[in-house]
Amino acid sequence: MGQTYFPVDRFRNASTPLYYYDLHLLEATLDEVKACSSFPGYHVHYAVKANANQEILRHIAAAGLGADTVSLGEIKAALGAGFPAPKIVFAGVGKTDEEISMALELGIGCFNVESEAELRAIVAIAEKMGKKAPVALRVNPEIDAHTHHYITTGLAENKFGIALTMLDILLDDCFKSEWIDFRGLHFHIGSQITDLEPYRILCERINGLQAKYPDIVIPSINVGGGLGVDYDDPEGNPIPDFKGYFKVFKENLQLRPGQELHFELGRAIVAQCGSLICKVVYVKEGVGKKFVILDGGMTALIRPALYQAHHKIENITSKSEEMEKYDVVGPICESSDVFGIEEVLPETKRGDLIALRSAGAYGEAMASCYNCRALPEALFSR
Ligand code: LLP
């Protein structure tokens with residue numbers, strides 16, 4: 001399948017490893033997101049951290065989505081790609097004074113505030129600049145998203161968000177300060193969530209909170225991101241179940257009249273359109289096994305090493321009918337630089353091209369130069 005999907009000749013003329021992005025799939029995914037979220041007051045922000053490649057960002061901005069950012073660098077990347085400042089939200093537990101003042105200056109849509117200390121810093125900077133800061137409070141809803149512990153964010157033990165027990169105080173602070181324009185409540189329970197039940201529980205939690213504060217004007221609710229993708233079958237399920245996802249909120253969340261509902265999807269929008277393309281440097285005979293050693297490894301796609309994630313591996317050039325088992329590894333000097341154990345692939349030779357699928361999210365964005373390796377370039381479908 002991969003052999004017809006990928007423009008192998010173009011890869012042969014390029015230097016590997018490289019990220020390949022299928023812009024047609026990205027467009028189809030964006031169309032589906034828009035179609036499934038076209039309810040009054042619904043706004044989707046793209047989580048830039050998933051992939052900040054300018055070409056990718058330009059497509060997403062052109063589709064009319066907003067941007068969810070976590071650093072001044074991401075804000076600049078979003079602005080550069082055409083996201084209007086008022087459609088940019090700024091989250092993160094460690095916003096510096098410089099980032100806060102620049103974001104205020106640039107006129108971003110909202111700060112998602114994660115602590116009392118941060119709120120105080122924003123008030124002080126806003127006062128000094130004589131500019132009211134739009135603020136939403138990120139609440140830690142204490143919900144288990146049943147995902148990898150590194151990407152679960154909504155538990156009491158996580159560093160993210162404001163504890164439910166402290167919310168009263170912070171709401172009070174927001175309304176007491178003339179430098180805060182209170183925009184609403186923000187939540188995010190984790191990433192790569194494939195069972196929608198935690199989202200239904202989140203809706204219930206939010207309904208309870210809204211009932212607890214009947215007299216407080218809450219212009220918007222932001223439910224974060226986290227919708228997962230099918231890493232095992234990227235071709236069978238190239239577009240995630242956006243319909244089911246938005247339906248959970250439509251059916252379970254009781255919005256107030258005129259209240260906006262914001263989403264921050266990253267992975268679900270970009271994961272499947274990207275692949276990491278590597279060349280086989282050697283096929284090495286080990287003790288009782290064969291290794292396929294690639295020219296790209298964990299510096300180009302860290303998810304397997306960091307989260308024990310598995311990306312589908314395809315040999316996109318072998319013409320052999322013989323299937324064999326290989327451990328597929330990268331060239332980095334770390335034992336965790338492994339993409340797959342006992343992968344069944346057609347007979348693989350030095351020079352073959354290998355695709356690691358679903359690498360569009362948290363692939364290029366998390367790349368490093370460890371071992372003094374150059375960052376891979378990106379190639380786009382025509
Ligand atoms: N909103 C907030 C506040 C977040 O922290 C995140 C992701 C998102 C939205 C977007 O989540 P998404 O829709 O992409 O799941 N590097 C990890 C994922 C880390 C996610 C961090 N926060 C991975 O490769 O699995």
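**View 1. The residues around the ligand in this predicted model.** The ligand has 18 residues around it, and S191, E264, R303, Y307 and Y362 come nearest. To count as near, a residue needs one of its heavy atoms within 4 Å of the molecule. Sort that shell by residue type and you get six nonpolar, six polar and six charged. Here Ala, Val, Leu, Ile, Met, Phe, Trp, Tyr, Cys and Pro count as nonpolar, Asp, Glu, Lys and Arg as charged, and the others, Gly among them, as polar.

This is a predicted model, with local features needing pLDDT of at least 70 and side-chain atom pairs counting only at pLDDT 80 or more, while totals for chains, interfaces and linings use all residues. Residues are numbered from 1 along each chain as its sequence is written, and side-chain values use heavy atoms, with hydrogens and water left out.

**View 2. Polar contacts to the ligand, including those of E264, G266 and Y362.** A polar contact is a pair of N or O atoms within 3.5 Å; within protein, one must be able to donate a hydrogen and the other to accept it, and residues adjacent in sequence count only if both atoms are side-chain atoms. Look at E264 to begin with: an N or O atom in its side chain sits 2.7 Å from a nitrogen atom of the ligand. G266 uses its backbone instead, with a polar atom 2.9 Å from a ligand oxygen. The side chain of Y362 also has an N or O atom 2.6 Å from an oxygen atom of the ligand. On its own the ligand would expose 590 Å², and the protein buries 92% of that; these accessible areas come from the Shrake-Rupley method with a 1.4 Å probe, and for residues, only the protein chains shown count as cover. β10 (260-265) and α12 (303-307) are the elements that give two or more residues to the ligand shell. Helices (H or I, at least four residues) and strands (E, at least two) are DSSP runs, numbered from the N terminus.

**View 3. Helix α10 packing with α3 and with α9.** Helix α3 (residues 23-36) packs on helix α10 (residues 242-252) at about 25°, and their axes are 9 Å apart. That makes α3 roughly parallel to α10. Axes are lines fitted to C-alpha atoms, for helices over the stretch in contact, with angles running from 0 to 180 degrees between N-to-C directions. Angles under 35 degrees count as roughly parallel, over 145 as roughly antiparallel, 65 to 115 as roughly perpendicular and the rest as oblique. Helix α9 (residues 197-212) also meets α10, the axes coming within 9 Å and crossing at roughly 30°. α9 is therefore roughly parallel to α10.

**View 4. The cis peptide bond before P17.** T16 and P17 are joined by a cis peptide bond, with omega about 0°. You'll find P17 in the loop between α2 (8-12) and β1 (18-21).

**View 5. Positive phi at E342 and N371.** E342 isn't a glycine, yet its phi is positive, about 50°. E342 belongs to strand β15 (residues 338-346). N371, another non-glycine residue, has a positive phi near 65°. N371 lies in the loop between β16 (353-356) and β17 (377-380).
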